[in-house]
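Here are some exercises to work through with the structure open beside you. Try each task yourself before you read its solution.

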Amino acid sequence: MARRNFATVDALLALGCVVIFAGGVLAQTGSSGQGAPPRGGPPVEKIASDLGIPADRVREAFRKVGPPQHAERQPPTEAQMKSHVQALATALNVSPERLMPVLEKYRPAPPPRGENPPSKSGDRS
């Protein structure tokens with residue numbers, strides 16, 4: 001009888017893991033099915049509107065170019081940002097001079113100084 005209880009607990013635990021994993025995947029892909037950017041992603045619709053180009057073109061450019069390359073826990077350098085803007089401008093078929101003010105307008109605020117995000121392992125040492 002005790003063995004049967006462990007099997008039930010194991011099955012429930014496995015089911016719980018599947019539900020949690022599926023919820024995480026759905027949260028990342030967006031529930032609208034419209035290809036919405038993940039939380040914290042660029043405001044594609046606003047950038048497209050400011051540039052006067054279709055949102056799908058902006059979304060595809062961000063997908064193709066990706067985020068600026070930089071070291072973990074370090075903001076991108078000026079050279080890395082310049083390279084990133086150039087790559088996005090090329091993908092969008094706009095000049096970097098036209099794109100830069102729009103990206104600056106929607107740049108997220110940096111996290112407050114002295115507050116480090118928790119590490120992935122969960123320890124706070």
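**Exercise 1. Find out how far to trust the model**

Work out what the mean pLDDT of the chain is, and where confidence is lowest and highest.

*Solution.*
Step 1. Start with the whole chain: this is a predicted model, its mean pLDDT is 73, and 58% of the residues reach 70 or more.
Step 2. Now go element by element. Helix α1, residues 2-29, has the lowest confidence with a mean of 54, while α2 has the highest, at 94.
Step 3. Look for a weak stretch. Residues 28-38 have a pLDDT below 50, and beyond near neighbours in sequence this stretch has seven contacts in the model.

**Exercise 2. Take stock of the fold**

Count the helices and strands, then say what share of the residues is buried.

*Solution.*
Step 1. Go through the secondary structure: you should get five helices and zero strands. Read from the N terminus, that gives α-α-α-α-α.
Step 2. Turn to burial. The chain has 125 residues, and 18% of them are buried.
Step 3. Check how contacts span the sequence. Take the contacts between residues at least 6 apart in sequence: 43% of these join residues at least 24 apart.

**Exercise 3. Describe a helix pair**

Describe how α2 and α3 pack: give the angle, the distance between the axes and the hand of the crossing.

*Solution.*
Step 1. Locate the helices: α2 covers residues 44-51 and α3 covers residues 55-65.
Step 2. Read off the geometry. The angle is about 120 degrees and the axes are 8 Å apart. As for the hand, α2 and α3 cross in a right-handed way.
Step 3. List who touches whom. From α2 come V44, E45, I47 and A48, and from α3 come A55, V58, R59 and F62.
Step 4. Sort these contact residues by type: six are nonpolar, none is polar and two are charged.

**Exercise 4. Follow a salt bridge into a network**

Which residue does R59 meet in a salt bridge, and is each partner buried or exposed?

*Solution.*
Step 1. Recall the idea: side chains of opposite charge can pair when their charged atoms come close.
Step 2. Apply it here. The side chain of R59 meets that of E45 in a salt bridge, at 3.1 Å from N to O. R59 sits in helix α3 and E45 in helix α2, 14 residues apart, so the pair links distant parts of the chain.
Step 3. Test burial with the cut-offs of under 20% for buried and over 50% for exposed. R59 has a relative accessible area of 13%, so R59 is buried. E45 comes out at 52%, so E45 is exposed.
Step 4. Look for shared partners. Salt bridges join E45, D56 and R59 into one network. The third member, D56, is in helix α3 and is exposed, at 58%.

**Exercise 5. Compare two other salt bridges**

Classify the partners of the D50–K105 pair and of the R107–E104 pair by how accessible they are.

*Solution.*
Step 1. Get the total in view: the chain has five salt bridges.
Step 2. Take D50 and K105, whose side chains meet at 3.1 Å, N to O. D50 belongs to helix α2 and K105 to helix α5 (residues 96-105), and they are 55 residues apart.
Step 3. Classify them. D50 is at 35%, so D50 is partly exposed; K105 is at 55%, so K105 is exposed.
Step 4. Move to R107 and E104, with a salt bridge of 3.0 Å, N to O. R107, at 44%, is partly exposed, and E104, at 38%, is partly exposed too.

**Exercise 6. Contrast a histidine and a proline**

Where do H84 and P75 lie, and is each one buried or exposed?

*Solution.*
Step 1. Find H84 in helix α4, residues 78-92. Its relative accessibility is 11%, so H84 counts as buried.
Step 2. List what surrounds H84. Setting aside neighbours within four places in sequence, H84 contacts V65, G66, P67 and P68.
Step 3. Now find P75 in the loop between α3 and α4. P75 has a relative accessible area of 64%, so P75 is exposed.
Step 4. Finish with a distance: the C-alpha atoms of P75 and P110 are 9.4 Å apart, and the two residues are 35 apart along the chain.

Conventions. Residues are numbered from 1 along each chain as its sequence is written. This is a predicted model: local features need pLDDT of at least 70, side-chain atom pairs count only at pLDDT 80 or more; totals for chains, interfaces and linings use all residues. Side-chain values use heavy atoms; hydrogens and water are left out. Axes are lines fitted to C-alpha atoms, for helices over the stretch in contact, and angles run from 0 to 180 degrees between N-to-C directions. Helices (H or I, at least four residues) and strands (E, at least two) are DSSP runs, numbered from the N terminus. A crossing is left-handed if the near helix is turned anticlockwise from the far one by less than a right angle, and right-handed if clockwise. Contact means heavy atoms within 4.5 Å. Ala, Val, Leu, Ile, Met, Phe, Trp, Tyr, Cys and Pro count as nonpolar, Asp, Glu, Lys and Arg as charged, and the others, Gly among them, as polar. pLDDT is the predictor's confidence in each residue, from 0 to 100. A salt bridge is a side-chain nitrogen of Lys or Arg within 4 Å of a carboxyl oxygen of Asp or Glu. Buried means under 20% relative accessible area, exposed over 50%, partly exposed in between (1.4 Å probe, protein chains only).
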